[in-house]
Amino acid sequence: MREKTTWEQFFDAHAPIYDSNVFTGNTVSEVDFLLEELELQPGDSVIDVGCGTGRHSIELARRGYAVTGLDLSAEMLARAAAAARAAEVEVEWIRSDAAQFALPAKYDAAICLCEGAFGLLGQGDDSIDQPLAILCNTSRSLKPGARVVFTVLNGAAMLRKYQNKDVAEGRFDPITMVESSEYPPQEGLPPIPIRERAFVPTELRLLFCLAGMPVVHIWGGTAGNWRRDLLDLDEMEVMVVARKTDEPMPWPTGQRL
Ligand SMILES: C[S@@+](CC[C@H](N)C(=O)[O-])C[C@H]1O[C@@H](n2cnc3c(N)ncnc32)[C@H](O)[C@@H]1O
């Protein structure tokens with residue numbers, strides 16, 4: 001049998017209590033915000049990468065959009081499917097690693113929120129290859145012109161939080177921008193080693209551009225405090241709004257995806 005990745009172990013164990021996290025309490029207003037940014041037409045299709053228990057997918061489906069939720073954790077997806085049944089909406093659920101999925105270019109928009117996969121590195125994952133694979137897979141699933149919204153860990157805040165001592169003791173690596181810790185997903189369970197990757201805006205512009213989705217805006221994007229405003233250097237998350245292009249990208253090779 002395939003061994004579960006650390007994040008799969010973490011979220012399978014965390015699934016029963018995920019929706020009690022305070023940061024999940026703003027779904028309706030977050031979807032209002034997303035609808036303005038994604039410029040959707042009635043009935044358009046959306047892919048929700050790292051959809052978790054499906055809170056955004058289900059709210060979008062409730063408003064008439066055709067939604068696919070993709071996630072690595074079977075337990076998170078089981079809760080998402082149960083919540084969709086209870087809400088009497090149809091959502092397509094796909095269990096997959098976001099760094100490995102391949103879907104045809106049929107979506108009008110993509111979301112990847114609260115570190116839904118992007119920035120959650122497996123133990124052996126490279127800190128550039130894995131996030132770039134997620135962006136390229138997402139980009140390939142989109143129609144040209146599709147908008148995307150990602151919220152990701154803020155590299156500026158991570159750099160300001162850690163000291164040289166933390167670097168020396170392996171809690172934070174400024175070369176990879178990876179924070180390493182052990183985290184019990186639920187009281188009573190053994191801790192799981194996890195690696196979380198933060199991003200600075202310049203590299204976000206480069207990574208999204210390499211994936212054929214030039215960045216339109218970078219704003220403050222911490223859950224509960226989404227806004228079209230300057231970054232706060234100490235806030236936890238950054239929001240990236242980008243648009244899939246079918247033009248050759250300016251760097252590094254000018255090739256299409
Ligand atoms: C913090 S939750 C965010 C869930 C949801 N987007 C939200 O805003 O509530 C992160 C989700 O990403 C999923 N995830 C982590 N790594 C992933 C990967 N490589 N591929 C797909 N999903 C992944 C986890 O299983 C979890 O459900």
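**Exercise 1.** In this predicted model, find what lies 3.0 Å from a polar side-chain atom of D97.

*Solution.* Start at the side chain of D97: one of its polar atoms is 3.0 Å away from a nitrogen atom of the ligand. A polar contact needs N or O atoms within 3.5 Å, so the D97 pair makes the cut. Next, try R55, where a polar side-chain atom lies 2.7 Å from an oxygen atom of the ligand. Finally, look at the backbone: a polar backbone atom of A98 is 2.8 Å from a ligand nitrogen atom. With those contacts in place, check the cover: on its own the ligand has 600 Å² of accessible area, and the protein covers 97% of that.

**Exercise 2.** Work out where the ligand sits and how many residues surround it.

*Solution.* Begin with the site: the ligand sits in the largest pocket. Then count the shell, which comes to 20 residues, the closest being Y18, G50, R55, D71 and A98. Sort the shell by type and you get ten nonpolar, six polar and four charged residues. Now look at the helices: α1 (6–18) and α3 (55–62) each put at least two residues into that shell.

**Exercise 3.** Count the aromatic pairs, then work out why the pair of F33 and W226 ties together parts far along the sequence, 193 residues apart.

*Solution.* The count is twelve aromatic pairs. Take F33 and W226: their centres are 5.6 Å apart with 75° between the planes, an edge-to-face arrangement. Now place each ring. F33 belongs to helix α2 (residues 27–38), while W226 is in the loop between β10 (215–220) and β11 (237–243), so the pair links parts 193 residues apart in sequence.

How values were computed:
Residues numbered from 1 in each chain as written. Predicted model: local features only at pLDDT ≥ 70, side-chain atom pairs only at ≥ 80, totals over all residues. Heavy atoms only, no water. Near = heavy atom within 4 Å. Polar contact = N/O pair within 3.5 Å; in protein donor to acceptor, adjacent residues only side chain to side chain. Areas by Shrake-Rupley, 256 points an atom, 1.4 Å probe, with all protein chains shown as cover. 1 Å grid on protein atoms, 1.4 Å probe; cavity = no way out; pocket = protein on both sides within 12 Å on 5 of 7 lines; lining within 4 Å. Sits in = over half its atoms within 2 Å of the grid points. Helix = DSSP H or I, 4+ residues; strand = E, 2+ residues; numbered from the N terminus. Nonpolar A, V, L, I, M, F, W, Y, C, P; charged D, E, K, R; others polar. Phe/Tyr/Trp six-rings, centres within 6.5 Å; stacked < 30°, edge-to-face > 60°.
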